[in-house]
Amino acid sequence: MIGQGQVVKVGIADMNTVKAPDTIRTSGLGSCVGVVLYDERSQIAGLVHVMLPDSSLGRTETINIAKFADTGIPAMIEQLKLEGVQPFRLRAKIAGGAQMFQFTSGKDTMRIGPRNVEAVKEYLKKFSIPIVAEDTGGSSGRTIEFNPMTKLLNIRTVNQGVKDI
Amino acid sequence: MYKKNITSIHLDVLKEIGNIGAAHAATALSTLLNKKIEMTVPKVEMVSFDDMMDLAGGAENVVAGIYLRIDGDVTGSMFFVLPVEQANHFIQSLVQDSTVDFQNGEVSELGASAMQELGNILSGSYLSALSDFTSLRIYPSVPALSVDMVGAIVSFGLVEVSHISDYVIVIDTAITEENTTNGGSVKGHFFLLPDPDSFEAIFTALGLQ
């Protein structure tokens, strides 16, 4: 039966893992990208809410590793390993990276959504994690919830309805 | 660094800035709609990104949001967010068309344009008051409109700050309308999010550094 467990919530620039029957969820993804890594066989999954593509963009001494694609993805892999997941069995589903506002200005910040998606894909490729499904780009905010039992990622939007990928 | 050097005096100065800006914006809105609009004394807080979403009613709260990028001596992001019903109410009375509806994501061109103009006028009066008070040059961009989850909208304004910090200083002014059925509850928010590098300019202009 789906929906018996708790919902683990992941905030902005945050990450966490989940075991069935619990599900894991992050709300209001705009230009950020939600990266779900899950084990094909066991019912364990992790979710990272990536806000920026690359930690070299950060200008602080201490960085929040979940904030960046290049640090968040490896950190999540490590955490899942600790929970007994074999890295080669990891699969990914990603969503987000929208461009919420249309501007003519060519400033890089305005393209942050597509840049986040590119970076996430680059790092997943680097760690040889296949992307099984994605719902990225566009101009809609998304709330996503992953169920490690069914391996389905539920995506809810305001204007484009609800779907499972 | 961003977090440590800001004292309560600094926050009070920012509050005053928010107060002056919002008072002008409230007057502009009252005149435009011929309704009595009240603004609360602004809250100035240093909050985590998640708390920022809570200030706006929770990440999934659906709003009509106007976003402006600010350039000049001070850079940053500004948002004017209204619950969808309130945006409908304001714009319907502004364009005299009761069919304007932001809910379904297919608002008429006139409705969207009126909403952008409303955002333009309000943020223009907010920012010009701020500019006069500080003698800083502040140039707002053309406003952009999005009707969506507030988390998706506001997080866009956090991108610049997030390079430096996991916290943001937000100058939050709530607006309320008098004499409405639900008794002047909070109708919308102005969020001014100066980029971290801009605080020095603001504080120097006001003689604090």
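According to the UniProt annotation, which comes from an unreviewed entry, a "domain: CheC-like protein" covers residues 9-45 and 111-146 of chain B. UniProt positions follow the numbering used here, feature names are shortened, and such annotations may be inferred rather than shown by experiment. This is a predicted model, where local features need pLDDT of at least 70, side-chain atom pairs count only at pLDDT 80 or more, and totals for chains, interfaces and linings use all residues. Residues are numbered from 1 along each chain as its sequence is written, chains are lettered from A and ligands numbered from 1 in the order in which they are written, and side-chain values use heavy atoms, with hydrogens and water left out.

Here is how the two annotated stretches look; helices (H or I, at least four residues) and strands (E, at least two) are DSSP runs, numbered from the N terminus.

| Span of chain B | End C-alpha atoms apart | Helix | Strand |
|---|---|---|---|
| Residues 9-45 | 12 Å | 68% | 16% |
| Residues 111-146 | 12 Å | 67% | 17% |

Zooming out, chain B has six helices and eight strands, laid out along the sequence as α-β-β-α-β-β-α-α-β-β-α-β-β-α. Its radius of gyration is 16 Å, close to the 17 Å that the globule rule gives for 209 residues, so chain B is as compact as a globular protein of that length. For the record, that radius is taken over C-alpha atoms, and the globule rule is 2.2 Å times the number of residues to the power 0.38. The C-alpha trace of chain B spans about 50 × 30 × 30 Å along its principal axes.

Now for the partner. Chain A comes to two helices and ten strands, in the order β-β-β-β-β-α-β-α-β-β-β-β from the N terminus on. With a radius of gyration of 15 Å, close to the 15 Å from the globule rule for 165 residues, chain A is as compact as a globular protein of that length. Along the principal axes, the C-alpha atoms of chain A fill a box of roughly 50 × 40 × 25 Å.

A few local details in chain A are worth a look. The peptide bond from A20(A) to P21(A) is cis, with omega near 10°, and P21(A) sits in the loop between β2 (15-19) and β3 (23-29). A13(A) has a positive phi, near 55°, in a residue other than glycine; A13(A) is in the loop between β1 (7-9) and β2.

Then there are the salt bridges (a side-chain nitrogen of Lys or Arg within 4 Å of a carboxyl oxygen of Asp or Glu). The count comes to 14 over all chains. One of them pairs E40(A) with R91(A), the closest N and O atoms being 3.2 Å apart. That pair links distant parts of the chain, 51 residues apart: E40(A) is in the loop between β4 (33-39) and β5 (44-50), and R91(A) is in strand β6 (residues 90-96).

So to the interface. Contact (heavy atoms within 4.5 Å) takes in 36 residues from chain B and 32 residues from chain A. The two chains bury about 2,800 Å² between them, 61% of it on carbon and sulfur atoms; buried area is the accessible area (1.4 Å probe) that two parts lose on being put together, summed over both. On the chain B side, E60(B), F156(B) and H163(B) lose the most area to chain A, together 23% of what that side buries.

Three salt bridges cross this interface. Among them, the side chains of D166(B) and K67(A) meet at 2.7 Å, N to O. The elements giving two or more residues to the side of chain B that touches chain A are α2 (49-55), β3 (62-72), β6 (144-149) and α5 (150-162). Of these, α5(B) gives the most, with nine residues. By type, that side divides into 18 nonpolar, eleven polar and seven charged residues, where Ala, Val, Leu, Ile, Met, Phe, Trp, Tyr, Cys and Pro count as nonpolar, Asp, Glu, Lys and Arg as charged, and the others, Gly among them, as polar.
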